[in-house]
Amino acid sequence: MSAILIKNGRVIDPANGIDKIGDLLLDKGKIDKIAKNINAPAKKVIDAKGKWVTPGLVDIHTHLREPGFEYKETIESGAKAAAAGGFTSIACMANTDPVNDCASVTRHILDKAKSAPVNVYPVGAVTEGLKGKALANIGELAEAGVVALSDDGKCVTDGEIMRNAMDYASMFSLTILEHAEDTRLACGGSMNEGIVSNEMGIPGQPVAAEDVIIARDISLSEYLDVPVHFCHVSSASSVELIRSAKARGVKVTAEAAPHHFTLTDEACRGYDTNAKMAPPLRAEKDRLAIRRGLKDGTIDCIATDHAPHSEIEKELEFECAAFGIVGLETAVALSLALVHDGVLGPSGLIDSMTRKPAQIIGLDRGTLGTGKPADVTIIDPDMEWRVEPDRFISKSRNTPFAGWNVRGRAVTTITNGKVVYAWENKTIT
Amino acid sequence: MTEKNLYHRHLVSMEDLSPDDVLQILQTAEVMKGVSEREVKKTPTLRGRTIINFFAEPSTRTRTSFEIAGKRLSADVINISASGSSLSKGESLKDMSHNFNAMNPDLLVVRHSKAGAPAQIAKWTGRLVVNAGDGRHEHPTQSLLDLMTIRDKKGSLDGLKVSIIGDIANSRVARSNLISMRKMGMSVTACGPATMLPVQIGRMADHVTTSLEEAVEGADIIMMLRIQTERLERTVFPNVREYARLFGLNSERMKKAKKNVLVLHPGPINQGIEISPDVVAGPWSVILDQVTNGVAVRMAVLYLLLGGGLNQS
Amino acid sequence: MSGPVSNSGSMDQPGSNVIMTATKLRQVITRIAHEIIEKNRDLDDLVIIGIVTRGSALAQRIAKELKTISGVTVPVGILDPTLYRDDFQQKGAVLEAKKTEISFSIMDKTVLLVDDVLFTGRTINAAITHIFDIGRPKRIQLVVLIDRGHRELPIRPDYCGKNVPTQYVEKIRVRFKECDGRNIVLSGPGDENQKTSHDD
């Protein structure tokens, strides 16, 4: 009798077209069944009345900083933060120190991940040391268990390298997650180039720096007939490029980060380095285009780009500060705003945070289908709470949302049939 | 009186000042100019006050000007420059700010190569901060001395047509003046090569042109910006010679200008590049007046920001 | 007096008493001019410096009177002691500084320092310090229209129009036609907000 019975929730499972009030039974670490009324003996019964019962959320874009930068985050602290944010599966990027460009680093991460409260999937580097010059040991990485490849934090700027990487990675069915930023065009810019950067006197990077790489990769994907995924799409013009590529049947997918559909470059005013990230916060028309992209499916999924940094990297001159913000613990609330604002329906939102991201990196998760791993998130879509960085589970506090009053959060997170986070008593196991 | 009071306010951006604030500073600067013209160029006004001049970027003119201004008002002025500071030893700006704070200064004058550093120091220290130039952001006291120079010569500011010519995108002088001059009722034309005009410049200036002739003609004030030759050698412009040919102000081009036009330059000047020697020496040139007024304007700013109660802060 | 705190030109406060009428004011200035001539044999050595705003108006009138009586033109300058005040630390607001305009040398001259009302003596003290930054006069003599007492420094006038005992918070308002549209001296209750005004 190791079962968990979740009763009276609004069960949302986009993969199976389910959105109805009912009960969900988990047993032996698997989804047992969904039914209107289940009266099975259970070790733990959770009343989910008024809440959403969804597949465990999947974030295909996090930075866990281990190995190398454990003072910012560790696999353990990052995974706990993920659990607190409602995520049961997270992919972690390769820009650690050493870079995850060989099997030994991958194995190290997987080893640490064994004791983590959520599923942690390493992403391997595309190029050796993220230097953009030579391919990483992709075959070896595939064997060791990476789920995708990315130089994220950096762009694969050399077109020839990107072409070969895409071709080569396809042998292992690994998708490249591209951080689209032409570094020459971005020209050292610290924020979006526009009227705000102009007034602040901060060198900006134009949207074109993102667009040209997206256009290039679309061409490569189309030419090679190999998939490519775009991380954190931030510009209206990029959304349009992806939209037309998808209409032609090109195998491209894309993600958006909550901050890009929530904030604009206005947030940088006052030289708030917690509003500095790559790609940068853009203009209002870009923010709205991201929302439209999510609505019409041009953008497949939401990913946090959780990028923890300490004060040492952030409390600096704006131009010197590191790019990135933490996102795991605010993602659900910020994304639920899409539902509250009528951009997405509950099912559409959950799809973009579960099945679709899982699909992009080939995880057999993100659904409540019978027999699937018992990853479940219970969300209170209306709970009002205040973002207080000091109470983050993550080791880092770099968020531009400090002090925001937000609506909605994960209240219970279940990974592989085990409750790993519960809001009521705020415990993480 | 309160609405005119500048006491204990930061001067980080020209956005911080209302037109009345600007006029009060300019009027006070005239008084300060009187002090500088005397044999004993000193008043006891800021006796006992400590001003830290923190210059994390090389500067001779501005640093000297602030130093003289502080000393003429009897403040204790301490100069800390980047080379002699801990910044070169890897100490962060925030740590340094806390150290300044521990010295209990009444005001910090900050020059820094990165935009926003003075605003951040103000936030970190809670001290009064005057921006002496931050990256390509702003240089408010330079704008004030430009306004003083123009007002001295023209009698008033309202309605004057100004052309700012050069590397607008990278100029903090241009940025401060675009804000302040429009605030004071002047009409500002931004002129430079397309690669040196920032995106959406049309939202910051009244007119935008890439033609020097157009900018010169009809202007009451021509403000030339210093060209950083090292930037020309990159990719924004073919070379210095071509820059001088297309955007250099020379006496031939001045023939198209109004008779009573004024030519300003924030210095240091690249003679023969953005401006020719005969224009610098010409009757329209007020470049040295700018330097003189720099001290007066900075005295006025220090006086107005600090003049009130230490005890009340 | 100097500074933006005095509400010159506004209606006089209720309860004001007339200290000096226009006629009396004219007579007093004439008397002071005679005293100056008596005390200073050589008017060529004399210069007059009035403290802004009404001190300088009074200075002009005295110069005019001296010219009428003796035929000698005595140069007149204006001095603003604001930058020399000793009470910045006590003030929450910045005092508006005006320009000191003295276009003649005061070296080895007798300076007649002129102000309308003498109160604590601090303004005069600041003015004297200021004068010494301009040059070294042979001597300084102080002219005031009204001495209202309450001295905080060892300063006394050499020429005084009238001694008027006052309450500390009381206000003396000297009005000159050229500044205020009429010639009169009034006393009345002080405005609470103007207690720090430098009526000295």
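# Reasoning through a predicted model

Q: Which residues make H4(B) a buried stretch?
A: Buried in H4(B) are B:Ala117, B:Pro118, B:Ala119, B:Gln120, B:Ile121, B:Ala122 and B:Thr125. The model is predicted. Each residue in that list earns the word because 20 or more other C-beta atoms lie within 10 Å of its own.

Q: Why is helix H4 of chain B called mostly covered?
A: Count the residues. The helix runs over residues 117-125, and seven of its nine residues are buried. The cover includes helix H3 (93-102), strand E3 (107-112) and strand E4 (128-134), which belong to chain B. Just after H4(B) comes B:Gly126, with a positive phi near 70 degrees.

Q: Why is C:Thr53 called buried?
A: The cut-off is 20 or more other C-beta atoms within 10 Å. C:Thr53 has 21, so it passes and counts as buried. Its place is the loop between E2 and helix H2 (54-70) of chain C. From C:Thr53 to C:Lys64, 11 residues along the chain, the C-alpha separation is 17 Å.

Q: Why is A:Val212 called partly exposed, and not buried or exposed?
A: A:Val212 has 19 other C-beta atoms within 10 Å. A buried residue needs 20 or more, and an exposed one has 12 or fewer. The value 19 falls in between, so A:Val212 is partly exposed.

Q: Where is A:Val212, and what does it touch?
A: A:Val212 sits in helix H7 of chain A, residues 208-224. Leaving out residues up to four places away in sequence, A:Val212 touches A:Asp182 and A:Leu185. "Touch" has a cut-off here: C-beta atoms within 7 Å. A:Leu241 is 29 residues from A:Val212 in sequence, and their C-alpha atoms are 9.7 Å apart.

Q: What makes B:Ile222 and B:Leu302 stand out in the largest nonpolar core?
A: This core has 154 residues, and B:Ile222 and B:Leu302 touch the most other members. Helix H12 of chain B (residues 287-306) contributes the most to this core, with 12 residues. A second, separate core holds 118 residues, among them A:Val58, A:Leu64, A:Leu336 and A:Ile378. In soluble globular proteins, nonpolar side chains tend to be buried together.

Q: Which residues are in contact with B:Ile222, leaving aside neighbours within four places in sequence?
A: They are B:Ser163, B:Ile165, B:Val216, B:Leu249, B:Ala257, B:Val261 and B:Val263.

Q: Why is chain B called as compact as a globular protein of its length?
A: Chain B has 12 helices and nine strands. Its radius of gyration is 19 Å, close to the 20 Å that the globule rule gives for 313 residues, so the description fits. The C-alpha atoms of chain B fill a box of roughly 55 × 45 × 35 Å along the principal axes. Buried residues are 51% of the chain's 313 residues. Take the contacts in chain B between residues at least 6 apart in sequence: 74% of them join residues at least 24 apart.

Q: How do you know which chains touch?
A: Look for contacts. Two pairs of chains touch, and chains B and C make the most contacts. Chain A and chain C share no contact; their closest C-alpha atoms are 27 Å apart.

Q: What makes up the two domains of chain A, and how many residues join them?
A: Domain 1 of chain A is 4-53 + 373-384 + 407-428, and domain 2 of chain A is 56-360. Their centres, taken over C-alpha atoms, are 29 Å apart. The contact brings 20 residues of domain 1 of chain A against 23 residues of domain 2 of chain A. On the domain 1 side, strands E16 (376-386), E17 (405-415) and E18 (418-422) of chain A each give two or more residues. E17(A) gives the most to that side, with seven residues. By class, the domain 1 side has 12 nonpolar, four polar and four charged residues.

Q: How do you know where confidence in chain C is low or high?
A: Read the pLDDT. Chain C averages 85, and 84% of its residues score at least 70. Among the elements of chain C, strand E2 (residues 46-51) has the highest mean pLDDT, 97, and helix H4 (residues 177-180) the lowest, 88. Over residues 1-11 of chain C, pLDDT stays under 50. It also stays under 50 over residues 192-200 of chain C.

Definitions and conventions:
Residues are numbered from 1 along each chain as its sequence is written. Chains are lettered from A and ligands numbered from 1 in the order in which they are written. This is a predicted model: local features need pLDDT of at least 70, side-chain atom pairs count only at pLDDT 80 or more; totals for chains, interfaces and linings use all residues. A nonpolar core is a set of buried Ala, Val, Leu, Ile, Met, Phe, Trp, Tyr and Cys residues joined through C-beta atoms within 7 Å. Helices (H or I, at least four residues) and strands (E, at least two) are DSSP runs, numbered from the N terminus. pLDDT is the predictor's confidence in each residue, from 0 to 100. The radius of gyration is taken over C-alpha atoms; the globule rule is 2.2 Å times the number of residues to the power 0.38. Domain bounds come from an automatic or database domain assignment. Ala, Val, Leu, Ile, Met, Phe, Trp, Tyr, Cys and Pro count as nonpolar, Asp, Glu, Lys and Arg as charged, and the others, Gly among them, as polar.
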